[in-house]
Amino acid sequence: MSIGVSRLVVMSRSGADLALLLLGGFRTLVDGAMVELAARGYDDFRPTHEFAMRAIIAGADSASDVARRLSVSKQAAAKTVTVLVARGYVSSEPDPSDARRNRLQVTARGLDVLREGEAVFEDLRARWEAKLGAEQLARLEADLATLVGDSAVD
């Protein structure tokens, strides 16, 4: 005989479980975004490209600057920048004040993919809201902001 009372069962999880859940949430969003961006014509774009381009927009105008901002090796940053230039997301032009160096800038194509990515993430957020409810998702976001700060990634 069921009395129709639902109970909230709280399972005890480890710190590693929490880390894996957060990573899983991140991967779910990013993987979904990559699939959607590919469908929109950006099948050559990767998450690391966005981080590098945002660093460039924020003022990193060389591969060394990108490396410092992303806390990666200069070689890794240079490789990413080379790919972004080859794919037309970033340009590398001679610095007018110092002919020995080039300056990086995000191109119109690069700005387009960033805008598309933002739209895709809004769609993905809306899907999560439909599953959890607006109040629950707002609470999740507020709790995460409390734990990691509003600017979780610099």
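**View 1. Buried residues of helix H1 in the predicted model.** Gly25, Val30, Ala33 and Leu37 are the buried residues shown for H1. The cover over the buried residues of this helix includes H2 and H5. H1 runs over residues 15-39. With 25 residues, H1 reaches 36 Å from its first C-alpha to its last, close to the 36 Å expected at 1.5 Å a residue. Just after the helix, Gly41 takes a positive phi of about 100 degrees.

**View 2. The largest nonpolar core, centred on its members with the most contacts.** This core has 22 residues, and Phe45, Met53, Val66, Tyr89, Val90 and Val113 touch the most other members. Two or more residues each come from H1, H2, helix H3 (63-70), helix H4 (74-86), strand E2 (98-106) and H5.

**View 3. Contacts of Val113.** Which residues does Val113 touch, leaving aside its neighbours within four places in sequence? Val113 is in contact with Leu37, Tyr42, Phe45, Met53 and Tyr89. Among these partners, Leu37 is a buried residue of H1. Phe45, Met53 and Tyr89 are, like Val113, among the core residues that touch the most other members.

**View 4. The salt bridge between Arg54 and Glu118.** The structure holds 15 salt bridges, and in this one the side chains of Arg54 and Glu118 meet at 3.0 Å, N to O. The pair links distant parts of the chain, with Arg54 in helix H2 (residues 47-57) and Glu118 in helix H5 (residues 108-132), 64 residues apart. Arg54 counts as partly exposed at 35% relative accessibility. Glu118 also counts as partly exposed, at 42%.

**View 5. Arg125 and its salt bridges to Glu129 and Glu141.** The side chains of Arg125 and Glu129 meet at 3.0 Å, N to O. Both residues lie in helix H5, four residues apart, about one turn of the helix. Arg125 also forms a salt bridge with Glu141, the closest N and O atoms being 2.8 Å apart. This second pair links distant parts of the chain: Arg125 is in helix H5 and Glu141 is in helix H6, 16 residues apart. Relative accessibility is 28% for Arg125, 30% for Glu129 and 34% for Glu141. Arg125 is therefore partly exposed, as is Glu129. Glu141 is partly exposed as well.

**View 6. A network of salt bridges.** Four residues are linked in this network: Glu36, Arg40, Glu116 and Asp123.

**View 7. A nonpolar patch on the surface.** Leu18, Leu22, Leu132, Leu140, Leu144, Leu147 and Val148 make a nonpolar surface patch of about 630 Å². Helix H1 (15-39) and helix H6 (134-148) each supply at least two of its residues. Which helix gives the most to the patch? H6 does, with four residues. One of the patch residues, Leu144, lies in helix H6. Why does Leu144 count as partly exposed? Its relative accessible area is 31%, and partly exposed covers the range between under 20% for buried and over 50% for exposed. Leu144 can belong to the patch because patches take residues with over 30% relative accessible area and no salt bridge.

Notes: Residues are numbered from 1 along each chain as its sequence is written. This is a predicted model: local features need pLDDT of at least 70, side-chain atom pairs count only at pLDDT 80 or more; totals for chains, interfaces and linings use all residues. Side-chain values use heavy atoms; hydrogens and water are left out. Patches are made of residues with over 30% relative accessible area and no salt bridge: like charges are joined within 9 Å, nonpolar side chains (Val, Leu, Ile, Met, Phe, Trp, Tyr) within 5 Å. Accessible areas come from the Shrake-Rupley method with a 1.4 Å probe; for residues, only the protein chains shown count as cover. Buried means under 20% relative accessible area, exposed over 50%, partly exposed in between (1.4 Å probe, protein chains only). A nonpolar core is a set of buried Ala, Val, Leu, Ile, Met, Phe, Trp, Tyr and Cys residues joined through side-chain atoms within 4.5 Å. Contact means heavy atoms within 4.5 Å. The expected span of a helix is 1.5 Å times one less than its number of residues.
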